[in-house]
Amino acid sequence: MSRHYSMIAVHEGYQSTENLPASAERYSTIPQVNTQDFLDLITIYKSQDKKEEGLASRCSSSHSLFVLDAEKVKTEGVERCKNVLRRMQYLTCIAAIGGFLSGYNTGVISGALLPLTRVFHLSPFQEESIVSATILSAFASSMVGGMINHACGRRRTILAAALIFACGGIFLFGAQGFPMLVIGEIILGAGIGLESLTNPMYIAEVSKPDMRGMLVSAYAWMMCFGQFFAGIVDGIFGPYACGWRFMFGTAVLPGTVMFIGFLGLPESPAWLLSNGQEKKATEILKRFRDSDQDAYDECDDIKESLRHNAFSDNDDEPQTHASVWQIFRSASLRRALLVGCSLMFLQQFCGANVVMYYSATVYRMSGFHEVTALWLSSFTALAQLIGLALSLFLVETAGRRPLVLFSFAGVALCLLGLGFSFYLARITSAEVDNQLSDAECMQQPAIIWDGISKYCYDCTMIEGCGFCGGACLKGNVIGPFGGSSLCPANSEWRFEECDTPAQIAWMPVVLMVLYLIVFGIGAAGLPWTINSEIYPVQYRSLAVAISTGANWLCNLIISSTFLTISDPQVFTLYGSFWLYSVISFLGVAWLYFVLPETKGLSHEQIDHCFGNKAIGPKYTTRASEKVKLLLESEIEARYGSMAEQPQQVHQQPPA
């Protein structure tokens, strides 16, 4: 194979004969070169040393002419690569604004609820309704968004999401009561669902295969940064009476910037090809690839993927219209969708939102003042940003599979430690004296423990009970109902919290920060990356819609059940963390057998990964490498006979 395609490799800038163009028939007239000549030409091409031009003496005159023109080829190639890189950076920055908006709008509500409750006198049910409206709307729009993407394309869908973000921010800025707040959150939720479905898919389809993972991870980093920025905005505007209006209104500016930015960006080439617009798709790929041949090869690869996964009798006419029924009818698509939804399920059920929710409680338990704890909890998101930053550098070197397995395993261990630290906080708090305590505060219904108040921690977990000097008494924030005389001398009234020993207080803080770093390395961003690349082109919109909908549905389940299962009468706080740890460990075992490595694979190669009939070792990283070798051998079998035929050496015509 190297004899026939050596000049192709040099011309296209390949470093070896292992990564050669699949469309070999375009080069049937190029002279054959033996392996040594290829190595010589590569040496000259890289060194540009005139003294080494003699190494090409064994080559034909046409080869020598090419070597003499190598400087021009190299200069033009380098300049093109720089232009492509600049275009990719601009595209990623504009698309990543969508991630920022999704993160910001899901994070800002936590700080806005306090002033909203104070201004509009919201009940607990109304507070839950405002928060749930966003998640339910995001779930619904992500499910419908698959059909919108399939019919209208990625670019138009993202433009619609940007308009929805801007309109939702303006609507909430002028809200005058609870109904308007719910409607505004529904509008924002629709934008979040469409954006979180479409932007990762768009970035993955336009970016080069060797940059795909890094750029989609950059999107996930911006989503996390949006949550962090929302905490800062909440802290700045929180003290002001109308500050909540500016919390919501801040999202209008980035939404407008994203809309204007996308007006100058192209449609996804994969979507264009699935709709028969090959010429336009090829022109776009040429703008975003290092060489025209890379663009042609990727175009052929996408068309081959379309033919391979078509549900039509004629392979020459691939079917481009997908339905949910067709997705579930294909065994390979079912496997891919199972892996994608499993990743989204684990991302939510490993308790990331729970850890973020309880960050302020952890800092309060460690002895920080309430205001300080709130500010520190907003900066806790920095730990996840650090993990996502590490993922940006590791995803294209270490690969997706190792990072995902490492991340979820680390998350499981951290959750185990967090549960243990809360358990230690319980058993190291002051003991309860039965003789001094009220009977109503001595026991509560429980599932996994006896419910008897043995420690201060148990006492303060009972509604309407507090602790002082060993006595567990009925009371409120001010003190016990019977007066302070019921408390032993020199004792302090503790309500809803207990003093934590200094040697224990640091443990949950360290474990929480470590958890968020490990979560950011793989579990935070790579489920979005993998879901954006494992589905065939014509089914990608619907498949990603299903997996994104699963993510928001799991988010809703976690958000609505955590306070219930963490209640002392159910699983307790430490028991709920252990439950999430068990789920994470089981998830790691499952992914070990079903998750393939997709780093650097083409669409057709990824399709082959899920074409195996059994799970197990065939899904490992080694299997993915075998898929590469298998397809290369298919190319060799397809074009090898042509390479073996003697070909006429085209000499330079006489002057």
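Over residues 638-655 of this predicted model, pLDDT stays under 50, and the model has 30 contacts for this stretch beyond four places in sequence. A second such stretch covers residues 1-73, where pLDDT likewise stays under 50 and the model has 126 contacts beyond four places in sequence. For the protein, the mean pLDDT is 77, with 76% of residues at 70 or more. The points below treat confidence by helix, three helix pairs and the disulfides.

**Confidence by helix**

- Helix α3 (residues 61-68) has the lowest confidence in the protein, with a mean of 38.
- Confidence is highest in helix α6 (residues 154-173), at 93.

**Helices α6 and α10**

- Helix α6 packs against helix α10 (residues 252-262) at an angle of about 155°, the two axes being 8 Å apart.
- Because angles over 145 degrees count as roughly antiparallel, α6 is roughly antiparallel to α10.
- The crossing in which α6 passes α10 is left-handed.
- On the α6 side, the contact is formed by Arg155, Ile158, Leu159, Ala162, Leu163, Phe165, Ala166, Gly169 and Ile170.
- On the α10 side, Val252, Gly255, Thr256, Met258, Phe259 and Phe262 take part.
- The residues in the contact of α6 with α10 comprise 11 nonpolar, three polar and one charged.

**Helices α8 and α19**

- Helix α8 (residues 212-237) and helix α19 (residues 381-394) have axes 9 Å apart and pack at an angle of about 170°.
- The helices α8 and α19 are therefore roughly antiparallel to each other.
- From α8, the residues in contact are Met214, Ser217, Ala218, Ala220, Trp221, Cys224, Phe225 and Phe228.
- Their partners in α19 are Ala381, Leu382, Gln384, Leu385, Leu388, Ala389, Ser391 and Leu392.
- By class, 13 nonpolar, three polar and no charged residues make up the contact of α8 with α19.

**Helices α15 and α24**

- The axes of helix α15 (residues 331-349) and helix α24 (residues 537-565) cross at roughly 25° and come within 9 Å.
- Since angles under 35 degrees count as roughly parallel, α15 and α24 are roughly parallel to each other.
- Their crossing, that of α15 and α24, is right-handed.
- Helix α15 contributes Leu333, Leu337, Gly340, Cys341, Met344, Phe345, Gln347, Gln348 and Phe349 to the contact.
- Helix α24 meets these residues through Tyr539, Ala543, Ile546, Ser547, Ala550, Asn551, Cys554, Asn555, Ile557 and Ile558.
- The contact of α15 with α24 holds 13 nonpolar, six polar and no charged residues.

**Disulfides**

- Four disulfides are found in a search of the whole structure.
- One disulfide joins Cys456 to Cys498, with an S to S distance of 1.9 Å.
- The torsion about the S-S bond of Cys456 and Cys498 is about -95°, so this disulfide is left-handed.
- The pair links distant parts of the chain, Cys456 and Cys498 being 42 residues apart.
- Cys456 lies in helix α21 (residues 456-460), whereas Cys498 lies in the loop between β3 (494-495) and α22 (502-523).

Methods
Residues numbered from 1 in each chain as written. Predicted model: local features only at pLDDT ≥ 70, side-chain atom pairs only at ≥ 80, totals over all residues. Heavy atoms only, no water. Axes fitted to C-alpha atoms, helices over the stretch in contact; angles between N-to-C directions. Helix = DSSP H or I, 4+ residues; strand = E, 2+ residues; numbered from the N terminus. Parallel < 35°, antiparallel > 145°, perpendicular 65-115°, else oblique. Left-handed = near helix turned anticlockwise from the far one by under 90°. Contact = heavy atoms within 4.5 Å. Nonpolar A, V, L, I, M, F, W, Y, C, P; charged D, E, K, R; others polar. pLDDT = per-residue confidence, 0-100. Disulfide = S-S within 2.5 Å.
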